[in-house]
Amino acid sequence: MRSFARLITIAAVSASGVAWGAPAPGPGYVAEVVHLDGAIFSGLAEDGDGLLMTNLGDGRLYRWSASAGFAAFGPPLSHGVDVIGDPTGPYDVARYDGGYLVAEGWTPVDHDALPYDHAVLAVDDDRIERVISSDFWNPFRFTAVDGDIYVIDAARNSLEKLTPAGERTSLFTFARIRQQEGALKRLSPTEFSGKQTYESDAVPTGIVAHGARIYVSLFAGFPFLAGAGKIVSIPRSGEALAARVEREGLNAPVDVGFDADGGMLVLEHGTYDQSVGFEPGSGRLISIDGGGSPRLVLGGLTRPVSLAVLDRDRIVVCGLDGTVVFVTKSMAPQQSGEKEAQ
Amino acid sequence: MPPSARSSLTGRVKIAWISEAVAALVVALAATGSCLAASGDPIRGNPLIEIAPGPFVFGNDAGNDNERPRQTVVGPAFAMNQTEISNEQYQRFIDDTGHRSAFYGGHPFLGLGNRPVVGVSWTDAEAFCDHYGLRLPSEREYERAARGVDGAPFPWGAAPLDPMRVNGGAETCCGSDDHDGYAMTAPVDSFAEGASREGILNLVGNVWEWTRDLYARYDGAADPQNDGKYRVLRGGAWNSDPSHLSTTYRLAYDPDFRFAANGGFRCVRSPD
């Protein structure tokens, strides 16, 4: 099997040129959009009545509330573009142990290395309290549960377990994703014979703990074929010899969650066109109940990256285009509203 | 963030090229182009190097099926850019025309002004050349420039691949390495020791280069699945293994594909 193409693309999720999309709620939902100009949102978490998020555009942590809008806080964190041109910086944030837990990406290409790079950090409102561990390549998302921190490393393509004291254990490395036979031949007949099979990186992009398992969204690397992504799960305890495939046929999934009824929510980055890249408006949030057909919760998204379930009826999604979209269940006819950044 | 390509087959290569008289006429017409620099080179900083008319070896019986047959053909004079088109040169084109940016134009390494522009579709490349009254090279023009008249394996002759002559990749496909001094693209005027006899640089390595030809078999046999869909790139790139750092390897790709970090181009003044 071959694993790479003669012509290569190296910036899969670059934020350059991202335009503000026009989110459209699915049947039975209403959506409200807030937007922060220039922001490149990455991580997202519930925070009381508001939200926490990370902004790769300025390396800051942000709070958002309905009354106060967006407000930066915490220590300025290293940010910029990495060696392959993708934005790096504070990838994820959540409340933790009286302060905040932050996943910081690898060193920006034009910066000197810092001890805070490719690390999981404990921070407070003013400073970095400590480096819990920098023994990562590219910690992209985490979830904290029962005192442990489960981290997905988007360069190792692995799931790591981190204790509060900083001890890291590698739990699982995700196998490369086999591409559909012949699918790549459309791109190049000299490089991709219809008789050969190819694999792409299985990049972990989203993580959530649910019951006794950890669920991870896997984003299939170049050429980002539609339907190549999947959701897998691994038990929190015991040795995982294989990941259980929960759902296949997804379009570049970037996050996974569960609603109050236990239904799986998947945030898809969108479909990829060889001329335009990830097609504006092709991202969507879908609900998957058992083996049934996905149900659209929110469509028309451009470069979405994270989701959070706030309560029984509200889900929030943020994106590289600086938008945050609140989706609420409603029996009323569909509608959507927009609100300028505050 | 984690990591993280159409038209009827009318351009099948002719066995005999057009006459020198036609070539001279085209050169004269090109000289009236609105974008000519004072030196007569339309693209500032990237001179056109004259290639003499005459017979030359084209194709390779020792290569892949699609490189065969090796034959002697006759071509007219043409002129080819000495270097691949740089980001700086591409930016001037964008400034002049409002054309879309190269996908990697803002990349910290790939987007440097003196590096070859990458992240351009075949249509982008064609538009650039057309703006300057030029064209993308044909596969025959590429091979004549890169192999001389005797079908040499490399622009510099028969000596084996050498990191002093080529910006290539690792021994096995398709990873980069810096044994030649560059992990990714090198400045367009680098690797002087790898220049062709006429002084054209980086015809092998650095970036794959779009040609204007539609992909088709040289023997004229029909290939319904592929005919008319793909354009050909030549020369290998910074991440190519030795088997692809070749003057005869043919890389067919979807012409709409614009996300290649190792795909660029140069232009020719061509009579064909």
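In chain B of this predicted model, buried residues account for 54% of the 272 residues. The secondary structure of this chain comprises 4 helices and 9 strands. Followed along the sequence, these elements appear in the pattern α-β-β-β-β-α-α-α-β-β-β-β-β.

A convenient place to start is the open sheet of chain B, in which 3 strands are arranged in the order S1-S4-S9 with antiparallel pairing. Strand S1 (48-51) and strand S9 (268-269) of chain B form the edges, each pairing on one side only. S1(B) is joined by 4 bridges to strand S4 (residues 78-81) of chain B, and the two run antiparallel. Within this pairing, Leu48(B) has Asn81(B) in S4(B) as its bridge partner.

Helix H4 of chain B lies across S1, S4 and S9 of chain B, and runs at about 75° to S4(B). This helix, spanning residues 139-147, is mostly covered, with 9 of its 9 residues buried. Charged side chains are well represented in the buried set, which includes Glu139(B), Arg140(B), Glu141(B), Glu143(B), Arg144(B) and Arg147(B). Tyr142(B), Ala145(B) and Ala146(B) are buried in H4(B) as well. Just after the helix, Gly148(B) adopts a positive phi of about 70°.

Helix H3 of chain B, covering residues 122-131, offers a companion case. Its buried residues are Trp122(B), Asp124(B), Ala125(B), Glu126(B), Phe128(B) and Cys129(B). These residues pack against one helix, H2 (87-97), and against two strands, S5 (208-214) and S6 (231-234), of chain B. A glycine with positive phi is found here too: Gly133(B) follows H3(B), with a phi near 70°.

Turning to chain A, the secondary structure consists of 0 helices and 32 strands. Of its 342 residues, 51% count as buried. Among contacts in chain A with a separation of 6 or more, 50% link residues that are 24 or more positions apart.

The largest nonpolar core contains 86 residues, and those with the most contacts inside it are Val120(A), Leu285(A), Val316(A) and Val317(A). Strand S20 (residues 213-220) of chain A supplies the largest share of this core, at 6 residues. A second, separate core has 66 residues, including Ile43(B), Ile49(B), Ala79(B) and Tyr132(B). Two of the residues named for this second core lie in the sheet described above: Ile49(B) falls within S1(B), and Ala79(B) within S4(B).

What surrounds Val120(A), leaving aside residues up to four places away in sequence? The residues that Val120(A) touches are Leu101(A), Ala103(A), Ile132(A), Ser133(A), Pro139(A), Phe142(A), Ile149(A), Val151(A) and Leu162(A).

Confidence in chain A deserves a word as well. The mean pLDDT of the chain is 87, and 89% of its residues reach 70 or more. By element, confidence is highest in strand S11 (residues 119-123) of chain A, at 98, and lowest in strand S32 (residues 335-339) of chain A, at a mean of 43. Val120(A), one of the residues with the most contacts inside the largest core, thus sits in S11(A). The pLDDT also stays under 50 over residues 1-5 of chain A, for which the model has 13 contacts beyond four places in sequence. Residues 11-20 of chain A have pLDDT below 50 too, and this stretch has 30 contacts in the model beyond near neighbours in sequence. Where pLDDT is low, predicted coordinates should not be read in detail.

Methods:
Residues are numbered from 1 along each chain as its sequence is written. Chains are lettered from A and ligands numbered from 1 in the order in which they are written. This is a predicted model: local features need pLDDT of at least 70, side-chain atom pairs count only at pLDDT 80 or more; totals for chains, interfaces and linings use all residues. A residue is buried if 20 or more other C-beta atoms lie within 10 Å of its own, exposed if 12 or fewer, and partly exposed in between; C-beta atoms are placed from the backbone. Two strands pair if DSSP finds at least two bridges between them. Two residues are in contact if their C-beta atoms, placed from the backbone, lie within 7 Å. Axes are lines fitted to C-alpha atoms, for helices over the stretch in contact, and angles run from 0 to 180 degrees between N-to-C directions. A nonpolar core is a set of buried Ala, Val, Leu, Ile, Met, Phe, Trp, Tyr and Cys residues joined through C-beta atoms within 7 Å. pLDDT is the predictor's confidence in each residue, from 0 to 100.
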